[in-house]
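Here are some notes for a colleague who is opening this entry for the first time. Please read them with the sequence and the structure side by side.

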Amino acid sequence: MDRPISRQVIMKRRIRMISTAVGVLGGLAVALVFLSNWLQSGVKASSLVFSTVDTGSIEAGVSAYGKVVPAFEEVINSPVNSRVVEVYANIGDTVEVGTPLLKLDLQSIETDYQKLLDEEQMKRYQLEQQQVNDETYFSDQQMQIRIAEMKLDRMKADWQNERHLDSLGSGTADQVRQAELAYTIGRMELEQLRQKVDNERKVRQADRRVRLLDLEIFRKGMAEMRRTLEDARIRSPHKAVLTFVNSQVGARVSQGEQVAIVSDLSHFRIEGELSDQYAERVSPGSKVLVRVNDKVFSGVVANVTPLSKDGIITFAVQLDEEVSSLLRPGVKADLFVVQSVLEKAVRIVNGSFYTGPGEYQLFVQEGDELVRRRVQLGECDFDHVEVISGLQPGQRVVMNDLTAYKDKPVLKIR
């Protein structure tokens, strides 16, 4: 027969069970804390990327961005208000000099030009008519002068005869004076006629020069319209590749509107952009390193846009190597405008962590641990960053982003 268990025994059993449970839970908690700290204070060796500190040269400068563009590109604009009638070439076609690209409706401008041709011919006829009239007028005036000269000679002879008769006593002094007066008047009238003809010649010559100048100005206007008419027959100005054409037949185009672009796709250059706060560090002739798809090209700044737009300046880079399979229009490029070369500089590999000269917190390998160091970094180029202080040649620095461990002075390498 079973005996009842005393309350003291039951209480001891309960206390023992509770103590055991608390011990187990406490052990689990300690294990979890230890495991958590171990995991947070350690990183896998296979996930780490190291850079060994060394010495060498750094081409210091300023970074910029850009894109590849054709070395030569010409935009063709419509010289008149018109519409597209026909398209002769497609984008991507290689065109020769003078190759027709598209046709604009030129009926109205051709009609206007034909009117100008008729007007120019009428002006020429008017000049010819004026020349004939002038020749007729001056021929008549020359005849009048010859007649007046003959009359004057007759008057002079009459005057001399009267003087002779007066000397013989057959004439009178009054007749001599009348003959002399007639001769004087005739001479003055001849002089007046000659002066009148001379003045008229000057007036008509000036009028002819005005008409000739007016015709010359008119012809220049015609030449300008003829050039406009020729330009409106859209042709390629160079041997190049057609990279754009307005192929919408019937589309209206305004004067000055872009209708086609031809580009030289065998040679390229770079269009760069840079914050205007670094404008003084970019000038024509500056050396530039250009990285396209992990290949670095060298070149020089060809020109710099003098004005800033939205805090950005643009500049053009002339490449030493203008031909490469990696160079294609529109491809993005990283640029580095070189300012100076630092020889025998302590350096590490340039990584995504670097945002400019200043102080950084980097992890350095010491045995099987990573120790956080305060490092002062300076200038950079595409491949390396200058170390001013905090690191020595031969040390291994972690290139990974370890900002999650920024509060940990030491990390275990697992």
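1. The model is a predicted one, and a convenient place to begin is I234, which, leaving aside its neighbours within four places in sequence, is in contact with I76, P79, T99, P100, L101, L102, L104 and V259. I234 also belongs to the largest nonpolar core, a group of 24 residues in which I234, L101, L104, L106 and L242 are those with the most contacts inside the core.

2. As to where this core comes from, β6, α2, α3 (173-232), β7 (240-245) and β9 (258-275) each supply at least two of its residues, and α3 gives the most, with four residues. A second core, separate from this one, has 21 residues, and V68, V290, A333 and V337 are among them. As general background, nonpolar side chains in soluble globular proteins tend to be buried together.

3. Strand β6 also takes part in an open sheet of three strands, whose order is β6-β4-β8 and whose pairing is antiparallel. Because β6 (102-104) and β8 (252-253) stand at the edges, each with a single partner strand, one side of each is left without a neighbour in the sheet. Strand β4 (residues 82-87) is joined to β8 by two bridges, the two strands running antiparallel, and the bridge partner of S82 in β8 is V253.

4. Is K123, a residue of helix α2 (residues 107-168), buried or exposed? K123 counts as buried, because its relative accessibility is 18% and the cut-off for buried is under 20%. Not counting residues up to four places away in sequence, K123 touches D214, L215 and F218, and the charged end of K123 sits over the ring of F218, 5.5 Å from the ring's centre. A further case of a residue placed over a ring is R396, which lies over the face of F50 at 4.1 Å from the ring centre.

5. A search of the whole structure finds four aromatic pairs, and two of them deserve a closer look. The rings of F353 and Y360 have their centres 6.0 Å apart and their planes at 85°, so this pair is edge-to-face, and both F353 and Y360 are buried. In the pair of Y354 and Y360 the ring centres are 6.0 Å apart, but the planes are at 25°, so the pair is stacked; Y354 is buried, and so is Y360. Taken together, F353, Y354 and Y360 form one aromatic cluster.

Conventions. Residues numbered from 1 in each chain as written. Predicted model: local features only at pLDDT ≥ 70, side-chain atom pairs only at ≥ 80, totals over all residues. Heavy atoms only, no water. Pairing = 2+ DSSP bridges. Buried < 20%, exposed > 50% of the residue type's maximum accessible area, 1.4 Å probe, protein only. Contact = heavy atoms within 4.5 Å. Core = buried A, V, L, I, M, F, W, Y, C linked by side-chain atoms within 4.5 Å. Phe/Tyr/Trp six-rings, centres within 6.5 Å; stacked < 30°, edge-to-face > 60°. Lys NZ or Arg CZ within 6 Å of the ring centre and 35° of its normal.
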